[in-house]
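User: I've got a model open and I'd like to learn how to read it feature by feature. Can you walk me through it?

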Amino acid sequence: MLVFLVTYSALACVADAGIMRLYGKSHALVISNTEYRNWPRLGNAVKNGRMISEALKEQGFGVTLAANLGHQAMIQTLEEFFTNKGKESEARLLVVFNGH
């Protein structure tokens, strides 16, 4: 799915009159968890999250990167992201989660 999103956003949407802008801004929240209490540790989730973040930045996304969030921190991070970034009526929001 990431490849599709990055590829799609890299393409200009062409209308008869020229290029049409689809979104005013693009924001992504990338959450990567490697550390768990009752699950095995994941070796590359945080590294992969950084790589995804860089790819999204190259495509014009403003990126918020979070790592190893517990339950409460994840809820708070999601609420803040949607509350703050969702205020912009022409913005698109993307959430990426790496982990169990």
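Analyst: Sure, starting with strand pairing: two strands pair if DSSP finds at least two bridges between them. Helices (H or I, at least four residues) and strands (E, at least two) are DSSP runs, numbered from the N terminus. Before we go on, this is a predicted model, where local features need pLDDT of at least 70 and side-chain atom pairs count only at pLDDT 80 or more, while totals for chains, interfaces and linings use all residues. Residues are numbered from 1 along each chain as its sequence is written, and side-chain values use heavy atoms, with hydrogens and water left out.

User: What is the order of the 3 strands in the open sheet?

Analyst: The order is 4-3-5, and the pairing is parallel. Strand 4 (62-67) and strand 5 (91-98) are at the edges with a single partner strand each, so one side of each has no neighbour in the sheet. From one strand to the next, the twist averages 15°. For that angle, axes are lines fitted to C-alpha atoms (for helices over the stretch in contact), and angles run from 0 to 180 degrees between N-to-C directions.

User: How many bridges join strand 3 to strand 5?

Analyst: Strand 3 (residues 25-32) and strand 5 run parallel and are joined by 8 bridges. To follow the register, find Lys25, which sits opposite Ala91 in strand 5. Further on, Leu29 has Val95 as its bridge partner in strand 5, and Leu29 also stands opposite Thr64 in strand 4.

User: And what about the other side, how many bridges join strand 3 to strand 4?

Analyst: There, 6 bridges link the two strands, which run parallel. One pair to look up is His27 with Gly62 in strand 4. Between these strands the chain goes from strand 3 through helix 2 to strand 4, a β-α-β crossover that is right-handed. The rule for handedness: with the strands pointing away from you, the path from the first strand over the helix to the second runs clockwise.

User: Which strands does helix 2 lie across?

Analyst: This one is about contact, meaning heavy atoms within 4.5 Å. Helix 2 (residues 45-58) lies across strand 3, strand 4 and strand 5, at about 170° to strand 3. Helix 3 (residues 71-85) lies across strand 3, strand 4 and strand 5 too, and runs at about 165° to strand 5.

User: Is strand 3 buried or exposed, and how do I judge that?

Analyst: Use relative accessible area: buried is under 20%, exposed is over 50%, and partly exposed is in between (1.4 Å probe, protein chains only). In strand 3, 7 of the 8 residues are buried, so the strand is largely enclosed by the rest of the structure. Take Ser32, which belongs to strand 3 and is buried at 1%. Leaving out residues up to four places away in sequence, Ser32 touches Ala45, Val46, Gly49, Ala66, Ala67, Asn68 and Asn98.

User: Where does Gly99 sit, and which residues is it in contact with?

Analyst: Gly99 is in the segment after strand 5, and is partly exposed at 36%. Beyond its neighbours within four places in sequence, Gly99 contacts Asn33, Tyr36 and Leu42. For a distance check, the C-alpha atoms of Gly99 and Gly49 are 9.8 Å apart, with their positions 50 residues apart along the chain.

User: Last one: how many salt bridges does the structure hold?

Analyst: Side chains of opposite charge can pair when their charged atoms come close. The cut-off is a side-chain nitrogen of Lys or Arg within 4 Å of a carboxyl oxygen of Asp or Glu. The structure holds 2. One joins Glu35 and Arg41, at 2.9 Å from N to O; Glu35 is partly exposed at 44%, whereas Arg41 is exposed at 53%. Another joins Glu54 and Lys57, whose closest N and O atoms are 3.5 Å apart. Both Glu54 and Lys57 are in helix 2, 3 residues apart, about one turn of the helix. Glu54 is partly exposed at 42%, and Lys57 is partly exposed at 43%.
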